[in-house]
Amino acid sequence: MTSGRRDMAAERSGAAAGRQGGPSRGRGLAKGPGMLLVWLYGVMSVGAVSRSVLQIATEFGRAPLAYTLSALAAVVYVFITYTLVRGGETARRAALVCCAAELVGVLTVGTWTLADPGAFPDATVWSDYGYGYVFIPVLLPVTGIMWLRNSRRPTAA
């Protein structure tokens, strides 16, 4: 059996143990400080989804780029929330990649909105590095990356 298959089997058995009420190994992403991340990503998910759905439904022609980027941010937030709640090593890796992509998106859109404000007649979630959201969009992926890197399951020697 390969190492990857053992990891997947361990995740499945851990998930099954969690469903049966027993201890679940490797699913501790939403425990301790991870619970705060789940809560913050959940709040950001609701905010970004609500904002993008309303803007796309009512004003899409006014700022299609901004509203599409807000919808993309919403998808990213929902996915990260899901992976943090799901737990497990595969979910941790997926959330880590997504947090890194989120950080790149926030930095790119934040810089773009400052360099060319005319391209954004209306703000996005990531505009001005998340200024409209008290900079949470730029701080959250950094915190998430730090948490996910530190919550790595120790490897057996």
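1. The accessible surface of the protein chain comes to about 8800 Å², and carbon and sulfur atoms account for 68% of that area. The model is a predicted one, and the values in this note should be read with that in mind. Of the 157 residues in the chain, 39% are buried.

2. On secondary structure, the chain has 5 helices and 0 strands, so that reading along the sequence gives the pattern α-α-α-α-α. Among contacts with a separation of 6 or more, 68% are between residues 24 or more positions apart.

3. The largest nonpolar core deserves attention next, since it has 32 residues, and those with the most contacts inside it are Y41, Y77, I80, L84, V125, W126 and L148. Helices α2, α3 (64-86), α4 (89-115) and α5 (136-150) each supply at least two residues of this core, with α3 giving the most, at 9 residues. For I80, setting aside its neighbours within four places in sequence, the contacts are Y41, C98, C99 and E102.

4. Helix α2 also contains S52, which counts as buried because its relative accessibility is 5%, under the 20% cut-off. Leaving aside neighbours within four places in sequence, S52 is in contact with Y67, S70, A71 and A74.

5. On the outside of the chain, L36, W39 and V43 make a nonpolar surface patch of about 330 Å². L36 belongs to helix α2, which spans residues 33-59, and L36 is classed as exposed because its relative accessible area is 53%, where exposed means over 50%.

6. The count of aromatic pairs comes to 3. In one of them, the rings of W112 and F120 have their centres 5.0 Å apart and their planes at 85 degrees, and the pair is therefore edge-to-face, for which the angle must be over 60 degrees. Another pair, Y131 with F135, is also edge-to-face, with 5.8 Å from centre to centre and 70 degrees between the planes. As for accessibility, W112 is partly exposed at a relative accessible area of 35%, whereas F120 is buried at 9%; Y131 is exposed at 57%, and F135 is partly exposed at 36%.

7. The model has 4 salt bridges. Side chains of opposite charge can pair when their charged atoms come close. At the start of helix α4 (89-115), E89 takes part in two of the bridges listed here: with R92, the closest N and O atoms are 2.7 Å apart, and with R93 the corresponding distance is 3.4 Å. R92 and E89 are separated by about one helical turn, because they lie 3 residues apart in helix α4, and R93 and E89, 4 residues apart in that helix, are likewise about one turn from each other. R92 and E89 are both buried, E89 having a relative accessible area of 8%, while R93 is partly exposed at 42%.

8. Salt bridges that share partners join E59, R62 and D122 into one network. Within this network, E59 forms a salt bridge with R62, and the closest N and O atoms of that pair are 2.7 Å apart. Both of these residues fall in the partly exposed class, E59 with a relative accessibility of 29% and R62 with a relative accessible area of 47%.

Conventions. Residues numbered from 1 in each chain as written. Predicted model: local features only at pLDDT ≥ 70, side-chain atom pairs only at ≥ 80, totals over all residues. Heavy atoms only, no water. Buried < 20%, exposed > 50% of the residue type's maximum accessible area, 1.4 Å probe, protein only. Contact = heavy atoms within 4.5 Å. Areas by Shrake-Rupley, 256 points an atom, 1.4 Å probe, with all protein chains shown as cover. Patch = residues over 30% accessible without salt bridge, like charges linked within 9 Å, V, L, I, M, F, W, Y side chains within 5 Å. Salt bridge = Lys/Arg side-chain N within 4 Å of Asp/Glu carboxyl O. Phe/Tyr/Trp six-rings, centres within 6.5 Å; stacked < 30°, edge-to-face > 60°. Core = buried A, V, L, I, M, F, W, Y, C linked by side-chain atoms within 4.5 Å.
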